[in-house]
Amino acid sequence: MAAPPIPPLTSRPSWKALADHHAKIGKTTLKELFQADAKRGEQMTLEAAGLFLDYSKNRITDETRRLLVKLAEECGVAERRDAMFRGEKINVTENRAVLHVALRAPKGESIRVDGHDVVPDVHAVLDRMADFSRRVRSGAWTGHTGKRIRNVINVGIGGSDLGPVMAYEALRFYSERSMTFRFVSNVDGTDFAEATRDLDAAETLFVISSKTFTTLETMTNAHTARDWALKGLGGDAKAVAKHFVAVSTNAEKVREFGIDTANMFGFWDWVGGRYSMDSAIGLSTMLAIGPENFEAMLSGFHAMDEHFRTAPLDRNLPVLLGLLAVWYSDFFGAQTVAVLPYDQYLKRFPAYLQQLTMESNGKHVRLDGARVDADTGPIYWGEPGTNGQHSFYQLIHQGTRLIPCDFITFIEPLNPLGRHHDLLVSNVFAQTEALAFGKTPEQVKAEGTPDWLVPHRVFDGNRPTNTILAQRLTPEALGTLVALYEHSVFTQGAIWAIDSFDQWGVELGKVLAQKIIPELESPAEPPLDHDSSTSALIRRYRRLKGKTS
């Protein structure tokens with residue numbers, strides 16, 4: 001059922017007030033803001049759930065923050081948040097609840113969907129995952145030939161891959177080093193070939209992650225994995241049950257594949273793929289880091305959930321991050337946000353956030369079906385520091401585009417090596433300072449720079465940044481960080497009045513691919529009714545593959 005009509009965002013009093021406010025302060029520099037308030041760097045901070053946020057290097061004043069919070073109030077951010085936690089079906093286009101927060105709710109809490117408390121169901125799956133993980137990690141679970149499992153390959157795509165990959169890389173410090181963990185997602189055969197090239201099938205366990213067990217890419221890779229395993233195990237179909245487990249809800253398809261449904265771990269339609277890394281989709285993560293560390297990660301998620309649920313909007317970390325994203329996207333015309341983790345273990349964190357943010361908020365219509373009247377869904381991207389400093393930071397510092405940046409770092413390193421960590425963190429603080437305050441022509445000239453070279457060495461500054469600090473990259477800290485961005489995405493979506501929890505935009509290309517596959521594979525020349533470009537490309541492919549005479 002369609003949502004009731006929603007007032008246009010740009011007609012709201014708070015939006016108009018923000019537009020007027022931007023006209024007044026939009027060209028005010030960070031240098032001027034800091035000169036006007038000696039305590040700005042101490043006062044514009046927030047701390048919650050083990051995370052410290054310095055947002056003082058943003059192009060805002062106290063009035064900006066007040067008006068942004070007023071916008072959140074007018075747009076019903078708190079009401080929509082509370083409806084999510086109550087289990088209401090806020091995913092209106094699919095008539096589903098949105099309850100990734102239930103995945104990390106402690107035992108004893110109650111969250112209901114259609115009158116049913118889902119928390120006991122969540123913990124039943126977590127308990128089964130923990131039992132299975134302990135058996136594999138201890139060697140009690142063996143493969144078809146009796147050999148211990150030493151290799152785990154997660155086969156999935158989208159949220160069934162990006163979350164587990166990111167979590168494994170982020171928490172590799174805590175992983176079982178006697179085991180190898182790999183991830184296959186791309187339907188490009190190279191992905192599978194390279195993941196298995198040096199492995200022994202007798203020591204390899206595949207985790208097939210597909211809710212429906214019908215996802216084209218995942219099931220193509222799963223059947224290739226089945227063939228590979230059976231080839232290495234003598235062809236006995238019974239071997240499948242000892243080398244494959246499923247994260248799915250389709251027991252019939254799982255059974256047909258040869259997997260024992262006792263080793264099928266389910267989840268629910270109120271969990272979106274990009275929000276599922278802490279569900280059974282995280283089985284490969286639990287196998288890597290163990291049930292205790294996985295539980296610690298869930299506690300970090302829950303700590304941020306509780307902060308988001310209970311903190312006032314003006315002291316709410318994810319709400320503030322979300323409002324700042326709206327401020328820059330819709331009032332300054334910024335098209336991207338760079339997320340720059342200064343920790344090598346978080347090298348896949350920006351890639352994970354790309355799906356979380358852009359699949360959630362890359363929408364052009366509101367909940368009521370009307371076209372949005374403001375830009376939505378900035379592009380999120382990034383790489384770990386200090387690598388990026390020697391590539392794309394040039395654009396951030398001296399390019400013509402405004403690129404707000406989130407810098408993430410930790411007080412304590414997991415691998416202390418001499419001066420390395422102090423050098424790393426010094427770059428975080430130096431980069432945010434340089435981006436904020438730049439370097440004037442006068443400063444450049446004072447260094448003895450020839451006049452002709454001065455313009456090339458000037459830094460305008462006035463580039464906004466957030467700095468996020470945590471004590472140490474622990475499982476708890478990772479859960480807290482992920483939940484921070486989940487709820488920031490929620491806040492942005494609530495402001496824009498879009499459905500952040502569907503993803504119809506991924507469907508059309510998949511449907512057309514199903515039509516094109518037989519046209520590429522047909523022995524006879526197929527009739528084609530595509531546009532002239534697509535049809536010509538299909539014919540060229542077939543000709544060069546030798547499909548036509």
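**Exercise 1. Backbone geometry in two loops**

Asn-95 is found in the loop between α5 (77–85) and β3 (112–113). The structure is a predicted model. Task: state what is unusual about the phi of Asn-95, and decide whether Asn-95 counts as buried or exposed. Then do the same for Ala-497, for its phi and its accessibility.

Solution.

Step 1. Most residues other than glycine have a negative phi. Asn-95 is not a glycine, yet its phi is positive, at about 50 degrees.

Step 2. Exposed means over 50% relative accessible area. Asn-95 has a relative accessibility of 52%, so it counts as exposed.

Step 3. Ala-497 is also not a glycine and has a positive phi, of about 60 degrees. Ala-497 sits in the loop between α19 (475–496) and α20 (507–521).

Step 4. Buried means under 20% relative accessible area. With 12%, Ala-497 is therefore buried.

**Exercise 2. The surroundings of α5**

Task: determine how many residues of α5 are buried, which helices they pack against, and what phi is found at Gly-87, which follows α5.

Solution.

Step 1. Seven of the nine residues of α5 are buried, so this helix is largely enclosed by the rest of the structure.

Step 2. The buried set consists of Val-77, Ala-78, Arg-80, Arg-81, Ala-83, Met-84 and Phe-85. Two arginines, Arg-80 and Arg-81, are included in that set.

Step 3. These buried residues pack against α4 (62–74), α13 (291–310) and α19.

Step 4. After α5 comes Gly-87, with a positive phi near 85 degrees.

**Exercise 3. The five-stranded sheet**

Task: give the strand order of the open sheet formed by five strands, identify the strands at its edges, and place helices α8 and α9 on it.

Solution.

Step 1. The order is β6-β5-β7-β8-β9, and the pairing is parallel.

Step 2. β6 (180–184) and β9 (264–265) are the edge strands; each has a single partner strand, so one side of each lacks a neighbour in the sheet.

Step 3. Five bridges pair β6 with β5 (residues 151–155) in the parallel sense. Within this pairing, Asn-154 has Phe-183 of β6 as its bridge partner.

Step 4. Helix α8 (residues 189–196) packs on the sheet and touches β5, β6 and β7 (204–209). The direction of α8 makes about 170 degrees with that of β6.

Step 5. Helix α9 (residues 216–232) lies across β5, β6, β7 and β8 (244–247). Relative to β7, α9 runs at about 160 degrees.

**Exercise 4. Strand β10 and its partners**

Task: show why β10 can be called largely enclosed, and describe how β10 is joined to β11 and to β12.

Solution.

Step 1. β10 covers residues 336–341, and six of its six residues are buried, so the strand is largely enclosed by the rest of the structure.

Step 2. Thr-336, Ala-338 and Leu-340 point one way, while Val-337, Val-339 and Pro-341 point the other way. Both sets are buried.

Step 3. β10 and β11 (residues 379–381) run parallel and are joined by three bridges. Ala-338 stands opposite Trp-381 of β11. Between these two strands the chain passes through helix α15 (residues 349–361), in a right-handed β-α-β crossover.

Step 4. β10 and β12 (residues 405–410) also run parallel, with four bridges between them. Here Leu-340 has Phe-407 as its bridge partner in β12.

Step 5. A further backbone feature follows β11. Most peptide bonds are trans. The bond between Gly-385 and Thr-386 is cis, with omega about 10 degrees. Thr-386 lies in the loop between β11 and α16 (393–398).

**Exercise 5. Packing of α7 on α15, and Thr-285**

Task: classify the relative direction of α7 and α15, and find which residues Thr-285 contacts beyond its neighbours within four places in sequence.

Solution.

Step 1. Helix α7 (residues 159–170) packs with α15 at an angle of about 150 degrees, their axes 9 Å apart. Angles over 145 degrees count as roughly antiparallel, so α7 is roughly antiparallel to α15. The crossing is left-handed.

Step 2. From α7, Gly-159, Leu-162, Gly-163 and Met-166 meet Phe-349, Ala-351, Tyr-352 and Gln-355 of α15.

Step 3. Thr-285 belongs to helix α12 (residues 283–289). Its relative accessible area is 1%, so Thr-285 is buried.

Step 4. With neighbours within four places in sequence set aside, Thr-285 contacts Pro-164, Ala-167, Gly-290 and Phe-294.

Note on methods: Residues numbered from 1 in each chain as written. Predicted model: local features only at pLDDT ≥ 70, side-chain atom pairs only at ≥ 80, totals over all residues. Heavy atoms only, no water. Buried < 20%, exposed > 50% of the residue type's maximum accessible area, 1.4 Å probe, protein only. Pairing = 2+ DSSP bridges. Right-handed = clockwise from strand over helix to strand, strands pointing away. Axes fitted to C-alpha atoms, helices over the stretch in contact; angles between N-to-C directions. Parallel < 35°, antiparallel > 145°, perpendicular 65-115°, else oblique. Left-handed = near helix turned anticlockwise from the far one by under 90°. Contact = heavy atoms within 4.5 Å.
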